[in-house]
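Work through the exercises below with the sequence and the model side by side. Try each task before reading its solution.

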Amino acid sequence: MAETLVTQSSQDRGTFQFTLNGRPVEVKGDHPHLLSALREELGVTSAKDGCSPSGQCGCCTVLIDGKASVSCLMSLEKAAGKSITTLEGFDPAERERFAAAFASTGALQCGFCTPGIVVRLKALLDKKGSDLTREDAARHLGAHLCRCTGYTKILDAVEVLAKGETPEVSALGGVGSRGIKYESLAHALGDCGYVDDLRVPGLLHGALRLADHARAKVRGIDVSAALASPGVQGVFTAADVPGNLRVGIINTDWPIFIPEGGQTAYLGDVLAIVVADSRQAAREATKLVDVTYEPLRPITDPVSAIEDPEDAVWELEGNVLSRSEYRRGDVDAALASSAHTVHEVFQTQRVEHAFLEPESTLAVPQEDGSLKVFSGGQGAWDDRDQIASVLGVGTERVVVEQISNGGAFGGKEDMANQAQTALASWLLGRPVKCTLSREESFLLHPKRHPVRLEYWAGCDSEGLLTALKARMIGDSGPYASVGMKVLERAAGHASGPYVLPSIDVESVAVRTNNPMCGAFRGFGANQAQFAMEGVIDRLAEKVGISGWEMRARNVVHPGVVWGPGQIMDDGCAGAMACLEEIKPAYEEAVAAGRAVGLGLGLKNAGLGNGFLEIAKAVVRFEEDGTVEVRHCWTEMGQGIHTVVRQVAVEELGVDPDALRVVVDTTRELGAGQTTGSRGTLMGAGTVADACRRADEDGRRTGVDYVGEHRVDWTNSLDEGVENPTIHSAFSYAAQMVVIDRESGKIEKVLAVHDVGRAVNPMLCEGQIQGAVHMGLGYALSEEFPSDAEGRPLKTTLRGLGILRPKDVPPIEAVLVEVPQPRAPYGIKGMGEIGLVPTAGAVAAALHDLDGEWRSTLPMSSSGDAHEDAEG
Ligand code: FES
Ligand code: FES
């Protein structure tokens with residue numbers, strides 16, 4: 001119980017006292033909630049801020065008088081006099097037990113949600129002990145979001161903990177072993193710092209002033225009132241940018257500020273950054289930045305935007321961002337002579353990534369005149385180059401240090417607040433940190449594209465596909481980001497993993513004033529294959545064969561020509577291997593009278609399309625017997641640090657504890673963004689090569705052994721090559737969704753994935769389960785719609801429709817290994833494909849249940865699988 005009572009006093013809200021981890025403490029009264037006092041004044045970092053003050057993610061959970069509660073909903077008035085326990089205050093043996101349980105079961109990936117969940121579980125275990133069941137825990141964890149794991153392995157950890165054991169933590173082995181994830185023990189306890197956990201002396205806080213209209217001329221920006229606000233140290237706008245105003249990882253078209261005389265293009269546009277002594281003061285002062293607008297008609301319908309005489313984006317002509325197309329054979333003739341045809345329009349929805357860690361940047365001026373920027377983005381060099389361009393200095397004046405982030409899924413490829421934070425720090429000569437609120441994060445970063453897909457497809461009387469015509473229109477929002485690549489990938493994957501003798505595909509990315517869209521796990525393949533799987537099932541019904549049989553008759557095999565003309569290599573045998581592996585369970589479920597749906601998908605790994613992909617890594621033996629492995633990829637929960645360690649153990653046979661992994665942004669190991677399932681694929685190749693070079697040279701200490709992996713043999717569609725190798729590698733997956741006919745609930749998902757070679761099967765399973773959870777949400781309940789003004793209709797995490805733990809069916813992950821030629825160890829990459837087949841499988845199962853074909857996402861289930869997730 002609390003030892004000290006409240007002594008709130010003066011008008012300035014005085015101070016508040018409570019007990020923290022058994023120690024009496026006193027905090028200033030101006031914190032908006034207990035979480036702020038814990039993190040900003042008392043140095044607690046285990047409690048994370050994923051959504052304050054809305055209380056919807058669970059990341060900030062602490063024990064208040066022994067009861068698990070979210071601290072961002074608790075005012076200091078209410079906290080006063082109470083006993084607060086955070087993970088830092090747990091008994092050391094108990095900390096060890098929780099960490100071991102989470103690490104050994106693979107129950108965490110990015111780890112941002114984990115400390116809050118651990119606190120909740122402690123309260124539950126204290127109350128229920130060994131009686132705590134999986135189902136119980138799933139219900140109680142409803143207050144917690146985890147975007148990475150799909151909860152399956154978290155519930156595995158619960159079972160371990162309920163038994164009261166401290167599990168063995170298996171050491172990391174070579175390629176193929178199931179060792180624990182690197183730093184997972186520390187991550188489970190919240191001891192690995194994310195950007196917002198970093199503290200430096202003299203720190204100032206930045207906050208962004210965002211646009212009030214999705215499309216409006218900016219007539220004036222008056223910052224005088226904000227500047228005069230208490231604690232404010234500076235307010236910066238476009239007028240303060242010494243270098244380039246616009247940034248972008250492909251097209252340089254995204255202004256970091258909208259200037260006076262400019263025009264907003266979506267509600268995530270930034271008008272100013274306010275810097276103050278505290279985050280609270282900075283955020284309050286953003287409201288005092290006075291912007292005068294002349295509102296314009298927002299362009300929000302992507303189909304009519306193509307022909308709209310007005311431009312959605314200031315100084316950019318026309319609203320067509322890109323057009324991707326290819327053709328083989330005479331599609332119209334093939335369709336006309338087909339025994340069966342289908343014509344269907346599919347519509348997918350915009351989806352928010354909902355990574356649990358909102359974007360955060362810390363910029364610190366260095367004594368040598370350079371600027372160090374701590375970023376949780378997905379590409380340190382892109383960040384560095386863009387920041388340097390905004391500051392108008394050479395890239396040698398900016399060092400970006402990559403900090404492992406709390407989830408990204410593609411949503412952190414573009415800069416969010418890195419440039420504005422760096423600019424403010426540069427101009428003030430002081431360290432500045434800017435962390436977005438959840439609402440700002442929603443508004444600012446690009447989402448998954450909503451795509452309209454019109455498909456015409458045919459097959460012969462035996463079910464062999466004859467032709468496919470596809471027309472896609474994707475709503476990209478205002479700026480390019482990677483929108484053109486997403487729609488290009490959708491075009492390339494239009495036919496799914498099937499053989500089409502003739503094909504005609506056109507895919508258009510459109511600029512609008514809706515929320516930005518860009519990279520998101522699956523990158524266009526999800527949308528295209530939801531449509532293609534729908535077509536396959538409709539045709540199977542017309543032919544009178546099962547979904548499995550239809551897929552088996554048309555699946556790609558080595559030597560066939562696929563999609564845009566690529567001749568498939570031996571790796572594509574993985575598609576049929578997945579179908580064979582899933583067949584017994586499929587037949588069993590059908591025979592048992594269940595409603596069953598199948599989905600089959602493929603997804604490229606790497607960038608492909610003629611892009612020169614070269615990555616490097618460094619292995620160095622130190623005098624003290626340790627081995628340093630330096631690489632260039634972002635750890636965001638997927639386990640790239642673990643992968644590179646396993647490769648080093650495999651190649652060098654050294655003790656894994658002697659390996660130190662460093663993300664090196666001080667030298668050009670450059671490989672671009674950590675995206676497209678390329679981290680494992682290329683990272684493994686670089687480290688293996690560096691290890692072999694070290695071996696050849698006798699492993700001398702103090703020598704940097706540089707390894708390289710290059711993929712320089714892909715073709716772009718524009719090269720005019722008859723059979724272009726568009727991608728160097730593909731992964732494949734077959735997923736089955738089983739619905740109980742009485743309850744209408746999904747009772748099981750079986751996910752069979754060909755990963756080429758599983759570097760760490762436990763991590764692979766976790767990736768699959770997390771992706772399937774995301775895929776079920778995509779299929780059933782998740783969306784991020786906006787109105788005719790371009791304004792998002794969902795403003796909270798709870799409103800996104802993400803499935804909560806009790807609504808997630810058992811997800812069984814099965815790995816198949818058909819090696820990828822020309823890839824290290826045969827690795828195919830598997831982070832992205834996870835949810836490619838899921839929506840199609842759910843649609844087929846629902847059709848089996850009630851006979852209704854669905855073509856719009858999210859689909860309404862006749863069961864109540866997502867009812868609570870939306871409530
Ligand atoms: S930060 Fe408190 S519940 Fe999300
Ligand atoms: S591990 Fe749960 S959100 Fe990343």
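## Exercise 1: a pair within one helix

Glu549 and Arg553 form a salt bridge through their side chains, 3.0 Å from N to O. A salt bridge here is a side-chain nitrogen of Lys or Arg within 4 Å of a carboxyl oxygen of Asp or Glu. This is a predicted model: local features need pLDDT of at least 70, side-chain atom pairs count only at pLDDT 80 or more, and totals for chains, interfaces and linings use all residues. Residues are numbered from 1 along each chain as its sequence is written, chains are lettered from A and ligands numbered from 1 in the order in which they are written, and side-chain values use heavy atoms, with hydrogens and water left out.

**Task.** Which helix holds Glu549 and Arg553, and how are they spaced?

**Solution.**
- Step 1. Locate the pair: both residues lie in helix α17 (residues 547–554). Helices (H or I, at least four residues) and strands (E, at least two) are DSSP runs, numbered from the N terminus.
- Step 2. Count along the chain: they are 4 residues apart, so about one helical turn separates them.
- Step 3. Check accessibility. Glu549 is partly exposed at 27%, and Arg553 is partly exposed at 33%. The classes are buried (under 20% relative accessible area), exposed (over 50%) and partly exposed in between, with a 1.4 Å probe and protein chains only.

## Exercise 2: pairs across the sequence

**Task.** Which parts of the chain does the salt bridge between Glu94 and Lys122 tie together?

**Solution.**
- Step 1. Find the contact: the closest N and O atoms of Glu94 and Lys122 are 3.3 Å apart.
- Step 2. Assign elements: Glu94 is in helix α3 (residues 92–105) and Lys122 in helix α4 (residues 114–128), so the bridge ties parts 28 residues apart in sequence.
- Step 3. Read the burial: Glu94 is buried at 17%, and Lys122 is buried at 13%.

**Task.** Is Asp504 buried or exposed?

**Solution.**
- Step 1. Asp504 is buried, at 11% relative accessibility.
- Step 2. Its salt-bridge partner is Arg327, at 2.9 Å from N to O. Arg327 is partly exposed, at 46%.

## Exercise 3: a strand pair

**Task.** How many bridges join strand β16 to β17?

**Solution.**
- Step 1. Strand β16 (residues 371–375) and β17 run parallel, joined by 5 bridges. Strands pair if DSSP finds at least two bridges between them.
- Step 2. Leu371 stands opposite Val398 in β17.
- Step 3. Val398, Val400 and Gln402 make up the covered face of β17 (residues 398–402), while Val399 and Glu401 form the uncovered one.
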